[in-house]
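Hi everyone, thanks for coming. Today I'd like to walk you through one protein, a piece at a time, so please have a look at it with me.

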Amino acid sequence: MKRNAIAFFFLAFYNIYGQSEIDSLLTVAERSENDSVQFSAYIQLVDLNIYDAPATSYKYAIEAYKKARQSGAQKSLSIALNRIGSCYWSLGVLDSSLFYFNKSLELARVLNERSLTARNNGNIANIYAASGNYFDAINYSKQALAEFKELKNQNRIFAMYNNIGKYYLDNGEIDSAAHYLSLAGEALKPEFEFMLPIYLFNVADLKFNEGDYQTFDSLLNSCEREAKKYQDNRALIRVEQMRAELLLHQNKNSQALTLAQSAYEKALKTRVKDLIQISASTLSSALRANDRFEESLAKLHLSLAYKDSLENRRIKNQLSIDKFNRNQLEINSLANRNSLLETESSYWKRIIIILSISIITIIILSYTIYRRRQQINQQHKELKELNNFKNKLLAIIIHDLRSPIGQLISTVQLMKSGVNDPKLLDMVKTKVEGLDDLMNNLFGLAYEYMNEDTLKAESFELKLLVNEVADSLATISEAKKITISNKVSGQIYTYADRGLIAIVLRNLIVNAIKFSDKDTKVVINASVLEDRVEVTVKDHGIGMSENQINDLFTTETTHSAGTDGEIGSGLGLILCKDFVERNGGTIKASSAPKKGSTFTFTLPKGE
């Protein structure tokens, strides 16, 4: 909602000044001989294009950055870095966005530029909220709030109070949400009334969660008036959807169905996933309340599909931010090491001049101290990374288990309502299989990091391990009438961590089964190539396009349903790549649509 309001503000600006104003700014940016004037023009062009044309906006932001570098103006440089971060945010590249916002924030703090500091803190808060990390989102929003209070920037003070209240509400902390939304209401001034629809909707959402349905209904009416005034279509759709929920609560099922159907149809036109998901969920409930069970089931399927897609996007966002944090840790470590080396270099120069006779003894002693310090720093870094990962892993497990379990509960409730449809049993089976896949991969991920310093490499017979994994998958292969054929010779041995390679084989065979047609084979084979063992897992299923192959083993993978509608967690191939590489091997895939797929990985040869 916040971004919609900001987008409306810039849209109004655009409508006032029109394309001619953009053309004029572009002329100034390209032809002016004054670097400062060119910089300001490029920044205005960034802000005007940031929502409708983020790629174009990024081009202008880079030009502004170049002008700032040429002029040497540090404040301008911080502004340009902030706008580059905003462009990446609009493009959905969160790790790069976070990188540039942090760079801008560091420079703004050095310059004591409070407005820029506050803006960057607010931008970073939005990124953490997008990945579901509400703790960090609230922390950065509160830092921004403190700066805006010092600046007496009233509209931003309101926005921060409103954002913090919304983050608390999304995180289920109702009392804290009520407190900050109340402060937001006190901070909202008449001159900023275009922000009113956001605030009214958040308060209405709060009252619904508190069970105060009378106040909730009144707030929805007010929100609807303001949203119409400012043409906030998304807010209007949510108002209809929430009002349908209220009517369902009041057992006014027929009226609820009319509103829910209207909200759903409008949401489809927006093509906004979260809006379609919640509208479809409400429509499913309304159809069920009106005894239209078959239609209710269809909308429930649609809602769950969109919910899975949103969950995958949230996980990708979280992984992207984790990647940024790991990179920052490495950068800081290198910076500290460089600083230490520069200090020691200067120190030793003075020592050489003063105590040339004892130079060898001093170098040996200093090198020992240096190595010991490196070891301590490395141990500290590894312990910190392990602890951070354990916390994040626990959060992912809790969150990702909650979604599929909730979906199963919804399906069972629908069955209890009187629906006797075999599709429901198929749906339950699909969700349970997806949950099993998620559990296997999450525990595999835990296995990796809990044992990352103790790789248990050993020499073992590959054929026996393949048999064990194939036997454990007999149930799901037999259910699809797929034969798992172990063609590995009994004379092939490999040297690796047996537990990690078992997880790799299980993931690859499960994927092969998932995307294979019934009455086909999954073949596992191996061959010895000098000092390596090459293992292949081949299926005769639906295959993949070149674009799908290029995205494999990354967080950008597009996860498709299996031939029986099976759903995976998306972590499997990332685990396979990491586990194989940790054992000194490589992994790749080859495929073509309708021609099946072959996954090949190598391992060190054993004895």
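Let me begin with a word on naming: a helix here is a DSSP run of H or I with at least four residues, and helices are numbered from the N terminus. Please also keep in mind that this is a predicted model.

With that naming, let's find Ile354, which belongs to helix 15, residues 293-354. Is Ile354 buried or exposed? The cut-off for exposed is over 50% relative accessible area. Ile354 has 64%, so Ile354 counts as exposed. Together with Ile353 and Leu355, Ile354 makes a nonpolar surface patch of about 340 Å².

Now let's move on to the sheet. How many strands does this open sheet have, and in what order? There are five, in the order 2-4-5-7-6, and the pairing is mixed. Strand 2 (483-486) and strand 6 (587-591) each have a single partner strand, which is why one side of each has no neighbour in the sheet. On average, neighbouring strands here are turned by 15° against each other, ignoring direction.

Let's look at one pair in detail. Strand 2 and strand 4 (residues 521-529) run parallel, joined by four bridges. One residue to look for is Ser485, whose bridge partner in strand 4 is Val523.

And what packs on the sheet? Helix 20 (residues 498-514) does, touching strands 2, 4, 5, 6 and 7, and its direction makes about 170° with that of strand 7 (597-604). Helix 18 (residues 462-472) lies across strand 2, strand 4 and strand 5 (532-538), and runs at about 170° to strand 2.

Thanks for listening, everyone!

Definitions and conventions:
Residues are numbered from 1 along each chain as its sequence is written. This is a predicted model: local features need pLDDT of at least 70, side-chain atom pairs count only at pLDDT 80 or more; totals for chains, interfaces and linings use all residues. Side-chain values use heavy atoms; hydrogens and water are left out. Two strands pair if DSSP finds at least two bridges between them. Helices (H or I, at least four residues) and strands (E, at least two) are DSSP runs, numbered from the N terminus. Axes are lines fitted to C-alpha atoms, for helices over the stretch in contact, and angles run from 0 to 180 degrees between N-to-C directions. Contact means heavy atoms within 4.5 Å. Patches are made of residues with over 30% relative accessible area and no salt bridge: like charges are joined within 9 Å, nonpolar side chains (Val, Leu, Ile, Met, Phe, Trp, Tyr) within 5 Å. Accessible areas come from the Shrake-Rupley method with a 1.4 Å probe; for residues, only the protein chains shown count as cover. A salt bridge is a side-chain nitrogen of Lys or Arg within 4 Å of a carboxyl oxygen of Asp or Glu. Buried means under 20% relative accessible area, exposed over 50%, partly exposed in between (1.4 Å probe, protein chains only).
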